[in-house]
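Work through the exercises below with the sequence and the model open side by side. Each task sentence is followed by a solution that goes step by step.

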Amino acid sequence: MSNILDSCHWDHECITNSIASVLMQLLKGFVPKELVSNSAFRGSASCNDKCTLSIGDYSIIKDLDDASIKDGVVKVIRSIDLGDIPDLLQLLVNMDLEPGIIAVDENVSINIRGELGARVNEALGIALYSIAAYDNAITRLSAAAAIYEGLGNVGKARFMERCRR
């Protein structure tokens with residue numbers, strides 16, 4: 001896919017579905033049909049119940065506009081379980097998709113309980129720190145520390161407290 005913008009005829013929904021499709025392919029190994037059907041990959045995806053994309057260069061989404069990247073990431077967040085958020089964040093960090101990390105911060109609650117909440121806030125804190133969003137990173141790491149402490153994992157809580165400094 002040489003140019004998502006041209007394939008989508010500059011349609012925002014198609015562009016965001018294309019971004020979400022690439023991220024879902026990398027994250028889960030498949031893409032829901034409803035994303036592919038209105039994306040730049042509608043003619044090239046291999047579909048049964050779910051679709052797969054055969055793309056050699058996934059960096060095709062990196063240079064798209066920030067708003068489209070954010071909207072594409074929001075579509076992914078709505079399609080996955082909370083337990084997949086740390087893996088999504090790692091993917092976004094690896095792809096250097098700063099707007100995607102910000103979208104996760106804006107769309108995933110800080111008030112997730114239990115071990116899952118601690119893991120999500122920890123991963124998000126580290127991702128935010130990697131893009132120099134220090135205030136938000138400290139907030140997320142503090143939340144992770146509080147949850148770990150509440151769960152009795154004092155060592156992990158202390159580690160989170162040290163990360164904040």
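**Exercise 1. The disulfides**

Task: Decide whether Cys14 is buried or exposed, then describe the bonds that the cysteines form.

Solution. Cys14 is buried, with a relative accessible area of 1%, where buried means under 20% relative accessible area, exposed over 50%, and partly exposed in between, computed with a 1.4 Å probe on protein chains only. Before going further, note that this is a predicted model, in which local features need pLDDT of at least 70 and side-chain atom pairs count only at pLDDT 80 or more, while totals for chains, interfaces and linings use all residues. Residues are numbered from 1 along each chain as its sequence is written, and side-chain values use heavy atoms, with hydrogens and water left out.

The next step is to find the partner of Cys14. A disulfide, here a pair of cysteine sulfur atoms within 2.5 Å, joins Cys14 to Cys8, with an S to S distance of 2.1 Å. Cys8 is also buried, at a relative accessible area of 3%, and the link of Cys8 and Cys14 is left-handed, with -65 degrees about the S-S bond.

The structure holds two disulfides, and the other bond is found between Cys47 and Cys51, whose sulfur atoms are 2.0 Å apart. This link of Cys47 and Cys51 is right-handed, with 110 degrees about the S-S bond. Its ends have their own burial values: Cys47 counts as partly exposed at 35% relative accessibility, whereas Cys51 is buried at 0%. When the bonded cysteines are numbered in sequence order, the pairing reads 1-2, 3-4.

**Exercise 2. The sheet**

Task: Work out in which order the three strands form the open sheet, and which strands lie at the edges.

Solution. Helices (H or I, at least four residues) and strands (E, at least two) are taken as DSSP runs, numbered from the N terminus, and two strands pair if DSSP finds at least two bridges between them. By this rule the three strands form an open sheet in the order β1-β3-β2, with antiparallel pairing. The edge strands are β1 (31-32) and β2 (46-47), each of which pairs on one side only.

To check one of the pairings, follow β1 and β3 (residues 50-52), which pair in the antiparallel sense over two bridges. Pro32 has Lys50 of β3 as its bridge partner.

**Exercise 3. Helix α2 and the nonpolar core**

Task: Establish how many of the 17 residues of α2 are buried, and trace what this helix supplies to the largest nonpolar core.

Solution. Begin with the geometry of α2, which has 17 residues and reaches 24 Å from its first C-alpha to its last, close to the 24 Å expected at 1.5 Å a residue; the expected span is 1.5 Å times one less than the number of residues. Of these 17 residues 13 are buried, so α2 is largely enclosed by the rest of the structure. The residue that follows α2 is Gly29, with a positive phi near 85 degrees.

Now turn to the core, defined as a set of buried Ala, Val, Leu, Ile, Met, Phe, Trp, Tyr and Cys residues joined through side-chain atoms within 4.5 Å. The largest such core has 47 residues, of which Leu23, Ile61, Val73, Ile85, Leu88 and Val104 touch the most other members. Its largest share, eight residues, comes from α2.

As a last step, list the surroundings of Ile61, leaving aside its neighbours within four places in sequence: Ile61 is in contact (heavy atoms within 4.5 Å) with Ile4, Ile19, Val22, Leu23, Ile69, Met95 and Leu97. Apart from this core lies another, of five residues, among them Ala118, Ala144, Ile147 and Ala157.

**Exercise 4. Loop residues**

Task: Locate Trp10 and Ala132 in the chain, and describe the backbone of each.

Solution. Most residues other than glycine have a negative phi. Trp10, although not a glycine, has a positive phi of about 65 degrees; Trp10 lies in the loop between α1 (4-7) and α2 (12-28), and is exposed at a relative accessible area of 61%.

Ala132 likewise has a positive phi of about 65 degrees although it is not a glycine. Ala132 sits in the loop between α7 (114-130) and α8 (134-150), and is partly exposed, with a relative accessible area of 45%.
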